[in-house]
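Q: Hey, could you walk me through this structure? I'd like to chat about metals, strands, pockets and any odd backbone spots.

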Amino acid sequence: MKAVQVVGYHTGLQLTDVPEPAIEGPLDVIVRIGGAGVCRTDLHILEGQWEAKSGVALPYTIGHENAGWVHAVGGAVTNVAVGDKVILHPLITCGLCRACRSGDDVHCQASKFPGIDVDGGYAEYLRTTARSVVRIDDSLEPADVAALADAGLTAYHAIAKVAQSTRPGDVCVVIGAGGLGHIGIQVLKAISAVTVVVVDRNPAAVELAVKIGADHGIVADGGHIDRVLEMTGGHGAEAVVDFVGEGGATREGIAMLRRAGNYYVVGYGENIDVPTIDVISTEINFIGNLVGSYNDLQELMTLAAQGKVTLHTTTYPLASFQQALDDLDAGRVRGRAILVP
Ligand SMILES: [Zn+2]
Ligand SMILES: [Zn+2]
């Protein structure tokens, strides 16, 4: 089969012929890829940022945002059958450790990460396991939802926590209406009754945020902290979801947070600089967010099937992987770039 592989760092990916993956264990599932999302993480992999962390042996097939059709199943697989349309949770998890038994797949003690430390989805077929496949509604197409497996799932994971810890009428500030923020806003409107206030430097992003459901859009032009404080009677928001995490976003975000409010960190890059006396005296909380669980992904697919979360995508044939990566790197992709084998 055709696969796009990492053959070295600081060098291009290569399209090559490799053997098709085969069923090796009773719970294995082989998926025929219908769409593989092209992610900024893929660029970081080629820059060598993941080399030491993943320890993956080269060459290997890249691509961690995958959806498609079940092609073959091991003898013990009962939850999917050949031909089913599925999206893949990004991790292959053991199901036996304490975290897995709590439904907290992300912290599995024996996980693998296709596209990062084993073969991923820039290929015709990929091997995963029964625990990682989520069946999707007939109305959804793999290429349309593939990118929700990572970016969308991360946004969902953070927003689901906001929905659980807020009440109708509370205010949630969303910092950053880019790729993740744009999914987060749709999820927030679908599963919670908070008032959604979106803050972004880019006026076009703010405009789009309001179009997809944000109650208020504020361009971050210097007066935005005061605007949020005015809107909340001087108290600040019950929740701030920070999809940026750099360039001063955390300092501004914390200034918009109410006493006992929750600050959800999703984007990253800078340090959070808060006097500890402020943390204890106001009882504000900082909450980290990695990717979501299997159940999070299933819930997100329910919203997608209901038409409540949609993703703008640009598709490329698998052989045009370099074009897709170049477009992403140059900021030319509208929504998410998807490779279709
Ligand atoms: Zn990704
Ligand atoms: Zn586990």
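A: Happy to, and what follows is a short tour by question and answer. Keep in mind that this is a predicted model.

Q: Great, metals then. Which residues coordinate the zinc ion (ligand 1)?

A: The zinc ion (ligand 1) is held by Cys-39 through SG, His-64 through NE2, Glu-65 through OE and Asp-150 through OD. The coordination distances run from 1.9 to 2.3 Å.

Q: And why is the arrangement around ligand 1 called tetrahedral?

A: Because the 4 donor atoms around the zinc ion (ligand 1) subtend angles of 95 to 133°, and four donors count as tetrahedral if all angles lie between 85 and 135 degrees.

Q: How are those donor residues of ligand 1 spaced in sequence?

A: The pattern is C-x24-H-E-x84-D. Within that set, His-64 and Asp-150 link distant parts of the chain, being 86 residues apart. His-64 is in the loop between strand E4 (60–61) and strand E5 (66–73), while Asp-150 is in the loop between helix H4 (142–145) and helix H5 (151–165).

Q: Are His-64 and Asp-150 buried or exposed?

A: Both His-64 and Asp-150 are buried.

Q: Okay, next metal. What are the protein donors of the zinc ion (ligand 2)?

A: Ligand 2, also a zinc ion, has the SG atoms of Cys-94, Cys-97, Cys-100 and Cys-108 as its protein donors, lying 2.3 to 2.4 Å from it. Along the chain these donors follow the spacing C-x2-C-x2-C-x7-C. The site of ligand 2 is tetrahedral, with angles of 101 to 119° among its 4 donor atoms.

Q: Why does Cys-100 count as buried? And what about Cys-108, buried or exposed?

A: Cys-100 has a relative accessibility of 6%, so it counts as buried. Cys-108 is buried too, at 8% relative accessibility. The cut-off for buried is under 20% relative accessible area.

Q: Switching to strands: how many bridges join E12 to E13, and in which sense do they run?

A: Strand E12 (residues 237–242) and strand E13 (residues 257–265) run parallel and are joined by 5 bridges. Ala-239 stands opposite Asn-262 in E13. Between E12 and E13 the chain passes through helix H9 (residues 249–255), giving a right-handed β-α-β crossover.

Q: What pairs with E13 over 4 bridges?

A: That would be strand E14 (residues 285–288), which pairs with E13 in the parallel sense. Asn-262 turns up again here, with Asn-285 in E14 as its bridge partner.

Q: Pockets now. What can you say about the second largest pocket?

A: The second largest pocket holds about 530 Å³ of space. Its lining is made of 27 residues, and Asp-28, Ile-92, Arg-127, Thr-128 and Thr-129 lie nearest its centre. Strand E7 (residues 125–129) gives the largest share of that lining, with 5 residues.

Q: Last topic, backbone oddities. Where is there a cis peptide bond?

A: A cis peptide bond joins Leu-58 and Pro-59, with omega about -5°. Pro-59 is in the loop between helix H2 (51–54) and E4. For context, most peptide bonds are trans, and most residues other than glycine have a negative phi.

Q: Which residue other than glycine has a phi near 60°?

A: His-10 does, and that value is positive. His-10 lies in the loop between strand E1 (2–6) and strand E2 (14–17), and at 66% relative accessibility it counts as exposed. Glu-283 also has a positive phi, about 55°. Glu-283 is in the loop between helix H10 (276–282) and E14, and it is exposed at 56% relative accessible area.

Conventions: Residues are numbered from 1 along each chain as its sequence is written. Chains are lettered from A and ligands numbered from 1 in the order in which they are written. This is a predicted model: local features need pLDDT of at least 70, side-chain atom pairs count only at pLDDT 80 or more; totals for chains, interfaces and linings use all residues. Side-chain values use heavy atoms; hydrogens and water are left out. Donors are N, O and S atoms within 2.8 Å of the metal (3.2 Å for Na, K and Ca); water is not among the atoms, so sites may look incomplete. Four donors count as tetrahedral if all angles lie between 85 and 135 degrees; four count as square planar and six as octahedral if opposite donors are over 155 degrees apart and all others between 65 and 115; anything else is irregular. Helices (H or I, at least four residues) and strands (E, at least two) are DSSP runs, numbered from the N terminus. Buried means under 20% relative accessible area, exposed over 50%, partly exposed in between (1.4 Å probe, protein chains only). Two strands pair if DSSP finds at least two bridges between them. A crossover is right-handed if, with the strands pointing away from the viewer, the path from the first strand over the helix to the second runs clockwise. On a 1 Å grid over the protein atoms alone, a cavity is a set of points where a 1.4 Å probe fits but cannot get out, and a pocket is an open set with protein on both sides within 12 Å along at least five of seven lines; lining residues have an atom within 4 Å of a point. Grid points are joined across faces, edges and corners, and a volume is the space filled by probe spheres set on the points.
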